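The following exercises concern aromatic pairs, helix packing and burial. Each task is followed by a solution in steps.

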Amino acid sequence: MTAPPDHTRSGPRPDTKVPLRGAATLLVDLILPVALYYSLRAAGVDQLAALLISGAPPAVRVAFTFARTRRLDAIGALVVVAIVLGVGSSLISGSPRTLLVRNALLGFPFALWMFASLRVGRPLAYESARALLPGKEHAFERVWAAEPSFRRVWRQLTVLWGCGLALHAAVNVLMAYTVPVDVVPGLDTGVWLGMFVVLQIVTQIALRRSGAMRMVFARAAVDR
């Protein structure tokens, strides 16, 4: 989930590392595995082996991040668990279709995490927005404490994204067992990208109508 940048000239320059990290994660976790799978298939590699190898980039990214930071965050842990479960079950069954549901193994737990965040701590959509705007954490917290409408919009957005992730996971399972194996990686990626765009548009509309980000920037300006 993204938030609009602060365009005030007197404020600090926006942190360009955050969108760059997001783009790199998108490339490694989503685009590269699909490109690698179809490249391997074109080279004559069988479906199961191609799926196993194409699942390596996200695992390498998580391992690299852990080696650099000595920390494994919740998302990284979910990625590792999904990969291990997918690889283990596919090797036992010998079926590539079992490996195709690894996105659901990640999507369903992440959706549950989002729903759980409505009861414990802060809504995950809110925490994601705070992470994308370093330096505005105190402004977020002040507005959260003062404005019921601000709290409401982040809870609504968390429900929206949780439902979106759960829906995509369900569609992933359906495609994995009903669509030809070679079609699923590309189709699943296309479905997720389309759903992501729709969720982003709804998110930006909700934030604009509620004035949530204007509240944050106004609070940050007062606190300076």
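In this predicted model, ring pairs link Tyr126, Phe140, Trp144, Phe150 and Trp154 into a cluster.

**Exercise 1.** Determine how the rings of tyrosine 126 and phenylalanine 140 are arranged, and state which helices the pair ties together.

*Solution.* A pair of aromatic rings is described by the distance of the centres and the angle of the planes.
Step 1: For tyrosine 126 and phenylalanine 140, the centre-to-centre distance is 5.6 Å, and pairing requires centres within 6.5 Å.
Step 2: The planes of these two rings stand at 80 degrees; since planes over 60 degrees apart count as edge-to-face, the pair is edge-to-face.
Step 3: Tyrosine 126 belongs to helix α7 (residues 124–132) and phenylalanine 140 to helix α8, so the pair ties together parts that are 14 residues apart in sequence.
Step 4: Tyrosine 126 and phenylalanine 140 are both buried.

**Exercise 2.** Classify the packing of helix α8 against helix α9, and describe the residues of the contact.

*Solution.*
Step 1: Helix α8 spans residues 137–146 and helix α9 residues 148–178; their axes lie 5 Å apart, at an angle of about 105 degrees.
Step 2: Because angles of 65 to 115 degrees count as roughly perpendicular, α8 is roughly perpendicular to α9.
Step 3: On the α8 side the contact is made by Phe140, Val143, Trp144, Ala145 and Ala146, and on the α9 side by Pro148, Phe150, Arg151, Trp154 and Arg155.
Step 4: Sorted by character, the residues of this contact comprise eight nonpolar, no polar and two charged.

**Exercise 3.** The structure holds eleven aromatic pairs. For the pair of phenylalanine 110 and tryptophan 113, establish the geometry and decide whether each residue is buried or partly exposed.

*Solution.*
Step 1: The ring centres of phenylalanine 110 and tryptophan 113 are 5.2 Å apart and the planes are at 85 degrees, so this pair is edge-to-face.
Step 2: The two residues are three apart in helix α6 (residues 102–116), and therefore about one helical turn separates them.
Step 3: Phenylalanine 110 has a relative accessible area of 17% and is therefore buried, the limit being under 20%.
Step 4: Tryptophan 113, with a relative accessible area of 31%, is partly exposed.

**Exercise 4.** State how valine 171 is placed with respect to solvent exposure and to valine 101.

*Solution.*
Step 1: Valine 171 lies in helix α9.
Step 2: The relative accessible area of valine 171 is 26%, so this residue is partly exposed.
Step 3: Valine 171 and valine 101 are 70 residues apart in sequence, while their C-alpha atoms are 9.7 Å apart in space.

Notes: Residues numbered from 1 in each chain as written. Predicted model: local features only at pLDDT ≥ 70, side-chain atom pairs only at ≥ 80, totals over all residues. Heavy atoms only, no water. Axes fitted to C-alpha atoms, helices over the stretch in contact; angles between N-to-C directions. Helix = DSSP H or I, 4+ residues; strand = E, 2+ residues; numbered from the N terminus. Parallel < 35°, antiparallel > 145°, perpendicular 65-115°, else oblique. Contact = heavy atoms within 4.5 Å. Nonpolar A, V, L, I, M, F, W, Y, C, P; charged D, E, K, R; others polar. Phe/Tyr/Trp six-rings, centres within 6.5 Å; stacked < 30°, edge-to-face > 60°. Buried < 20%, exposed > 50% of the residue type's maximum accessible area, 1.4 Å probe, protein only.
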